[in-house]
Amino acid sequence: MTDSPSSPTRVLVLNSGSSSLKYQLLDMGDGTRLAAGLVERIGEGSSRIAHTPLGPDAGEKRERTAQVPDHEAALKAVAEELSADGVGLDSPELAAIGHRVVHGGLKFSEPTVVTDEVLAEIERLVPVAPLHNPANITGIRTAMALRPDLPQVAVFDTAFHTTMPEYAARYAIDTETADAHRIRRYGFHGTSHAYVSARTAKLLNRDPAEVNVIVLHLGNGASASAVAGGRCLDTSMGLTPLEGLVMGTRSGDLDPAVVFHLERNAGMSDQEIDALLNKKSGLVGLCGDNDMREIRRRIDEGDERARLAFDVYIHRLKKYIGAYYAVLGRVDAVVFTAGVGENAAEVRAAAVEGLEELGLAVDAGLNAVRSGEPRLISPEYARVAVAVVPTDEELEIARQSYALVRGGGDLRDRGARHGKE
């Protein structure tokens, strides 16, 4: 496909969860965002549909409840909302539908046009992503049924991290067992880390190939990455999103013997332990709250459990900053992103406090500013820049999807050839 005045330039980005469907419509011709929305509580008695027109002639935000029994009905509801704005799912201006897929294993290191073979491989990865890949597959199948003529592009959370050297990706367990069961460190939030590391280089007015960045994606799920010249050298999440930093409800790093201890001494089943570590740990396990704003409010009122939760969170974060400094050897910037990273000034200040010998410092005035724009929050004298860069995973998915489709050639053959294995 070649660019021409008649070439379609719009990309619909879909993020399918088990009971939700998030979406954005973007025009890659001029970079404008035309619409965004969410369908939640899919399959429940009453679902919520929220749609926000974002174009130059955008109308008011719309919200309604409806019976949405499955993802097919959800996508049809999205199509109705878009059509009401004159940018429907059947529009000839659509170039592609881009799908967030959480786990691509080692096979998918690039955005990939979906074929039957690609879908089969994503299904084969369900055992290492049981909470996410099935929902992603459902969203893809639904979109394919509604627009079989349109390229469906899978953009994988794990893809950015496939550049990790083998010594960073391997766990120190028997290699035959590891290989037989695909046990290795894959990493997640890769689309965010890719976008933020590149955007940070732009903020510094430098070539991404010359910049070493530590990216701290801090939301309810949290991960860190060490990025050298646009390539990931290490990341904190592993086989699953459970490893690494303290998160809203996930424990992060843990002695694996804790699992055996709970089985033997607490009589807990593997399902109960899984629920404990993924849903009842992290900040919520330590103090009962996973909202950093509420935790800070409680700290201000003298709540010791909230203080401990915050201190554990920051201690783990500092350990990863130091570790990734060592991995990179030279660091040009430490950058905060996602919900907590972009909005919690106290977290940013605490994370770099005491790291002045590493060239890190935060300017209190700059750090206190709330803004949706990428910005530096370090003083001029700091050897290492400290930045806040709002993430934009939807834009990154749209960019990658559009670039792949615009690249031309036989898209279905191209999708089948993207794998490493």
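# Reading a predicted fold, feature by feature

Me: I see that G139 counts as buried, with a relative accessibility of 4%. What does buried mean?

Reply: Buried means under 20% relative accessible area, exposed means over 50%, and partly exposed is in between, using a 1.4 Å probe and protein chains only. Before we go on, this is a predicted model, in which local features need pLDDT of at least 70 and side-chain atom pairs count only at pLDDT 80 or more, while totals for chains, interfaces and linings use all residues. Residues are numbered from 1 along each chain as its sequence is written, and side-chain values use heavy atoms, with hydrogens and water left out.

Me: Where does G139 sit, and which residues does G139 contact beyond its neighbours in sequence?

Reply: Helices (H or I, at least four residues) and strands (E, at least two) are DSSP runs, numbered from the N terminus. G139 belongs to helix α3, residues 133–146. Contact means heavy atoms within 4.5 Å. Setting aside neighbours within four places in sequence, G139 touches S16 and H99. Its C-alpha atom is 9.4 Å from that of R100, which is 39 residues away along the chain.

Me: How do I read a sheet, and what is the strand order in the one with eight strands?

Reply: Two strands pair if DSSP finds at least two bridges between them. Here the eight strands form an open sheet in the order β5-β4-β3-β2-β1-β6-β8-β7, with mixed pairing. At the edges are β5 (62–66) and β7 (112–113), each pairing on one side only.

Me: Let me take β1. Which strands does β1 join?

Reply: Strand β1 is joined to β2 (residues 20–27) by seven bridges, and the two run antiparallel. They make a hairpin with three residues between them. Five bridges connect β1 with β6, this time in parallel. L14 is a handy landmark: its bridge partner in β2 is Y23, and in β6 it stands opposite H99. One step along the sheet, β2 is joined to β3 (residues 32–40) by eight bridges in an antiparallel arrangement, with L25 opposite A35.

Me: Which way do the side chains of β1 point?

Reply: In a regular strand the side chains alternate between the two faces of the sheet. In β1, R10, L12, L14 and S16 point one way, V11, V13 and N15 point the other way, and all are buried. That fits the count for the strand (residues 10–16), where seven of seven residues are buried.

Me: What packs on this sheet?

Reply: Helix α1 (residues 71–84) does, touching β1, β2, β3, β4 (47–53) and β5, and its direction makes about 35° with that of β2. Such axes are lines fitted to C-alpha atoms, for helices over the stretch in contact, and the angles run from 0 to 180 degrees between N-to-C directions.

Me: What is the order in the sheet of six strands?

Reply: That open sheet has the order β11-β10-β9-β12-β14-β13, also with mixed pairing. Its edges are β11 (231–235) and β13 (375–376); each has a single partner strand, so one side of each is left without a neighbour in the sheet. Two bridges join β13 to β14 (residues 385–388), running antiparallel, and L376 has A387 as its bridge partner. Helix α13 (residues 345–352) lies across β9, β12, β13 and β14, at about 150° to β12.

Me: How many salt bridges are there?

Reply: A salt bridge is a side-chain nitrogen of Lys or Arg within 4 Å of a carboxyl oxygen of Asp or Glu. By that rule there are 29. One of them pairs R100 with D157, at 2.6 Å between the closest N and O atoms. R100 lies in β6 (residues 94–101) and D157 in the loop between β8 (152–156) and α4 (166–169), so the pair ties together parts that are 57 residues apart in sequence. Both R100 and D157 are buried.

Me: Which residue pairs with D332, and is D332 buried or exposed?

Reply: D332 pairs with R206, with closest N and O atoms 3.1 Å apart. D332 is in the loop between α11 (304–328) and β12 (333–337), and R206 in the loop between α6 (190–203) and β9 (212–218), 126 residues apart. D332 is buried, at 12% relative accessible area, whereas R206 is partly exposed at 33%.
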